[in-house]
Amino acid sequence: MDALATVESVDSSQDLYREHAGPLLEWLAASHHDWTVHSAELLQLDVVVTHAGPALGELLPQLIPVLRSCLQPARDPAMRLQLFSILSRVLLRAKETVDSQGQLHSYLDTLVKDILVPNLQWHAGRTAAAIRTAAVSCLWALISSESLSAEQLREVQEALTPQILTTLEEDAQVTRLVSCRIIDAFMKASGAVVGPDELVKVYPELLKRLDDVSNDVRLAAASTLATWLRRVESDGSKSCCQSDIQHLYKELLVHLDDPEGAVQDAVLEVLKAGSVLFPDLLVRETEAVIHKHRSPAHCEQLLQHVQALPPAP
C-alpha cells in the first residue's frame with residue numbers, strides 16, 4: 001500500500017483510500033444483492049471498511065445502502081453476523097471512521113429502524129439468537145461511541161427500548177449484560193422527560209435480572225435500577241410511581257440478604273439512591289424485614305443512611 005501511495009504521488013495509504021474507496025465501494029455494491037458469507041466481495045468490503053479510517057466518513061452514501069440491504073432478515077445469516085461484526089468495530093471508533101465528517105446522524109434513522117429493529121426481533125434458533133446478540137452489541141457500540149447528541153440518543157431510546165427490554169431475557173449472558181448497560185444509558189439520557197407509563201415498564205424487567213445466574217448481570221441490573229430511581233426523582237415522577245417504588249423497595253430488601261456479598265453491597269447502593277423518594281416508607285419496609293435477615297448489618301446501614309437524609313422541603 002505504501003508503494004502504491006508512492007506511485008500515486010500521495011502521502012499515505014489513507015490518502016489512497018480517500019481517493020479510491022468510493023469508486024471501489026460502488027463497484028462492489030453492484031453485486032451486493034447476491035452476496036453470501038462466501039462472496040469474495042464481502043471480504044473486500046471488510047478490508048475497505050476496516051482500513052479506510054477517516055475516509056469512511058465520506059463513504060456513507062455508498063456504504064449504508066449496502067448494509068441495509070445485506071442485513072435484512074431474509075439474507076444469509078452468516079453474512080449478517082460478519083457484517084454486524086464489521087459495523088461494531090467501526091462504530092466503536094466512530095469519530096475516527098464512519099463519523100469522521102460528522103454525518104452519521106443523517107443515517108441514524110436507517111441504522112435504527114431498517115437495520116437494528118428487524119434484527120432484534122425474536123426468531124427461534126441459535127443462529128437467530130446469535131444475530132440478536134450481534135445487533136445488541138452493535139447498538140452498544142453506537143451508544144458508546146459518543147457520536148450521538150442527547151436528542152439523537154433519545155430518538156434511539158424511543159425506537160429501541162421495547163426490543164432491548166426483550167433482549168434482557170436472552171439465553172446468552174453477554175446479551176443480557178449489554179442490554180442492562182444499554183437501558184442504563186437510556187435512563188441517563190438527558191433532556192425530554194420519560195413518562196411514568198414508560199418508566200414503570202422498565203423496572204420489573206431489571207428486577208428479574210437480580211435473580212440472574214450471572215453475577216455480572218445481577219450487578220449491572222442493580223446499577224441500572226439505581227439509575228432508574230434517580231431518573232424517577234429527576235423527572236418528578238415519584239407521585240405517579242409510589243406503589244411501584246414500594247414494590248421495588250420490598251423486592252430490593254429481599255436481595256439485601258443475598259448470599260453474595262457483592263450483590264448485597266450493590267443492592268444497598270440502589271436502596272440508598274432510592275431512599276430520597278419515600279424515606280419514611282423505606283424505613284417502615286426495612287424495619288418490617290430486618291429480623292428476617294441473616295445479618296442485620298446492611299439493614300442497619302440503610303436505616304442510618306435514611307435517618308441522616310436532610311428533611312424534605
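Glu-155, Glu-158, Asp-197 and Glu-198 form a negative patch on the surface of this predicted model. Two helices each supply at least two residues of the negative patch: helix 8, which spans 150-167, and helix 10, which spans 196-209.

Among the patch residues, Glu-198 can be looked at in more detail. Glu-198 sits in helix 10. Is Glu-198 buried, partly exposed or exposed? Its relative accessibility is 42%, so Glu-198 counts as partly exposed. The reasoning rests on two cut-offs: a residue is buried under 20% relative accessible area and exposed over 50%, and partly exposed in between.

The backbone is the next topic. Most residues other than glycine have a negative phi. Ser-9 is not a glycine, yet it has a positive phi of about 60 degrees. Glu-146, also not a glycine, has a positive phi of about 60 degrees.

Where are these two residues placed? Ser-9 lies in the loop between helix 1 (2-7) and helix 2 (13-29). Glu-146 lies in the loop between helix 7 (126-144) and helix 8. Helix 8 is also one of the helices that supply residues to the negative patch.

The table lists both residues with their phi, place and relative accessibility.

| Residue | Phi | Place | Relative accessibility |
|---|---|---|---|
| Ser-9 | about 60 degrees | loop between helix 1 and helix 2 | 66% |
| Glu-146 | about 60 degrees | loop between helix 7 and helix 8 | 60% |

Ser-9 counts as exposed because its relative accessibility is 66%. Glu-146 counts as exposed because its relative accessibility is 60%.

Notes:
Residues numbered from 1 in each chain as written. Predicted model: local features only at pLDDT ≥ 70, side-chain atom pairs only at ≥ 80, totals over all residues. Heavy atoms only, no water. Patch = residues over 30% accessible without salt bridge, like charges linked within 9 Å, V, L, I, M, F, W, Y side chains within 5 Å. Areas by Shrake-Rupley, 256 points an atom, 1.4 Å probe, with all protein chains shown as cover. Salt bridge = Lys/Arg side-chain N within 4 Å of Asp/Glu carboxyl O. Lys, Arg positive; Asp, Glu negative; His and termini not counted. Charge placed at Lys NZ, Arg CZ, Asp CG, Glu CD. Helix = DSSP H or I, 4+ residues; strand = E, 2+ residues; numbered from the N terminus. Buried < 20%, exposed > 50% of the residue type's maximum accessible area, 1.4 Å probe, protein only.
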